[in-house]
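Got a protein in front of you and not sure where to start? Let's walk through it with some quick questions and answers.

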Amino acid sequence: MQLLQNAFNILSTRSPPGIILSLATVFLQNGEFKSAYIHEFIGTLLMVFFTFSAGKWIGENSLPVAWIAHAFGVVAADYIGGGPHVNPGVTLSMFALGKCSYTEAYVRIAGAMAGGLFAFPIFRGFSSTFGLTPLGGPGFLLDEDDEDIHLKVSAAFFSEMSATFLLLMAIYFLNWELNFGKYHYWIKQPLTAVAIRYLIEVFPSAGPAMNPMLGTTWAVFSSDGNYPSDAEHYWIYWAGPFVGATLASFVYVIYAGGTFFGATVPFGPIKDSAKASSAIPATSEESTTTKSKKKKGGKKD
């Protein structure tokens with residue numbers, strides 16, 4: 001027992017904070033969601049590498065090149081990583097919509113957090129080795145003497161909430177509502193990248209992160225291994241995106257139907273109602289045309 005305790009202490013001091021607890025989730029439900037954890041871990045490493053390098057290592061002096069590199073990174077990370085969520089906000093939404101169980105969602109978030117905790121130190125070493133511009137990350141600096149601190153925190157909260165809400169609406173419609181045929185994946189994924197990049201430009205108040213994992217793992221990395229101690233960080237980077245994800249899930253259920261955290265909503269789906277109402281005029285018109293033909297046929301007789 002003492003040997004295990006010593007091993008735990010050594011690993012705790014020489015690994016990113018919280019990584020052991022993250023790895024422990026692999027064994028939940030007899031390792032049923034091990035592959036999901038691996039997908040999230042690898043997908044997050046790839047996402048940070050491919051998308052954060054845009055504008056730093058690639059296209060530093062050219063905005064169009066940076067956008068193209070970012071779009072390529074979004075597609076590459078998703079395709080190579082096997083379609084991971086890489087975002088606790090997205091995972092919460094998938095749980096709310098019944099796309100994954102609570103345990104799977106927990107494991108996926110743990111895998112993404114582990115990927116982020118490893119990614120930033122790894123790529124700092126990569127930057128130093130090859131003399132590249134160090135990667136940046138989402139941040140929100142607070143000045144205790146600022147009289148408008150509460151207004152700024154509120155603005156950052158609503159920025160992250162709104163950006164996450166719009167990101168998820170783009171994900172829903174590009175993945176589930178639109179059909180690009182044979183090349184669906186290769187069209188919808190670059191469009192997703194465009195949506196992400198656009199939201200980054202429109203909602204800059206807190207980075208933006210649009211991703212609790214990125215907000216916190218970057219904060220841990222930039223503070224030399226310490227988790228943020230201020231409540232504002234978690235309010236902005238976790239509560240904001242989670243509220244946005246919850247609202248987006250609710251709106252989508254109203255539109256498309258389904259369940260919201262396992263329960264049906266008392267109204268909607270708008271999608272089915274729209275289909276039904278659009279079918280009624282066509283049926284009436286068809287019925288009128290048929291009657292008209294019958295009358296004409298009767299006159300001939």
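Q: Which residues of α5 are buried?
A: Keep in mind that this is a predicted model. A residue counts as buried when its relative accessible area is under 20%. In α5, the ones that pass that test are Pro88, Gly89, Val90, Thr91, Leu92, Ser93, Met94 and Ala96.

Q: How many of the nine residues of helix α5 are buried, and what does that say about the helix?
A: Helix α5 covers residues 88-96. It is largely enclosed by the rest of the structure, because the number of its nine residues that are buried is eight.

Q: What covers the buried residues of α5?
A: Look for other helices packed against it, where contact means heavy atoms within 4.5 Å. The cover includes α6 (102-130), α7 (149-177), α9 (212-222) and α10.

Q: Which residue caps the N-terminal end of α5?
A: Check for a side chain that reaches the backbone at the start of the helix. A side-chain oxygen lies 2.8 Å from the backbone nitrogen of Gly89. The residue that owns this oxygen is Asn87.

Q: Which residue just after α5 takes a positive phi?
A: Move along the chain to just past the end of α5. There you'll find a phi of about 80 degrees, and it belongs to Gly98.

Q: Is Ser249 buried or exposed?
A: Ser249 sits in helix α10, which spans residues 231-256. Leaving out residues up to four places away in sequence, it touches Ser93, Ala96, Leu97, Tyr172 and Phe260. Two of those names, Ser93 and Ala96, are also on the list of buried α5 residues. Since the relative accessible area of Ser249 is 0%, it counts as buried.

Q: Which element gives the largest share of the nonpolar patch?
A: Now for the surface: Tyr79, Ile80, Tyr183, Trp186, Ile187 and Leu191 form a nonpolar patch there, with about 650 Å² of accessible area together. The elements giving two or more residues to this patch are α4 (63-81) and α8 (184-202). The largest share is three residues, and it comes from α8.

Q: How does Ile187 count, given its 33% relative accessibility?
A: Ile187 is found in helix α8. Partly exposed is the label between under 20% and over 50%. At 33%, Ile187 therefore counts as partly exposed.

Q: How many helices and strands does the protein have?
A: Step back and read the elements from the N terminus on: they run α-α-α-α-α-α-α-α-α-α-α. The tally is 11 helices and zero strands.

Definitions and conventions: Residues are numbered from 1 along each chain as its sequence is written. This is a predicted model: local features need pLDDT of at least 70, side-chain atom pairs count only at pLDDT 80 or more; totals for chains, interfaces and linings use all residues. Side-chain values use heavy atoms; hydrogens and water are left out. Patches are made of residues with over 30% relative accessible area and no salt bridge: like charges are joined within 9 Å, nonpolar side chains (Val, Leu, Ile, Met, Phe, Trp, Tyr) within 5 Å. Accessible areas come from the Shrake-Rupley method with a 1.4 Å probe; for residues, only the protein chains shown count as cover. A salt bridge is a side-chain nitrogen of Lys or Arg within 4 Å of a carboxyl oxygen of Asp or Glu. Helices (H or I, at least four residues) and strands (E, at least two) are DSSP runs, numbered from the N terminus. Buried means under 20% relative accessible area, exposed over 50%, partly exposed in between (1.4 Å probe, protein chains only). A polar contact is a pair of N or O atoms within 3.5 Å; within protein, one must be able to donate a hydrogen and the other to accept it, and residues adjacent in sequence count only if both atoms are side-chain atoms.
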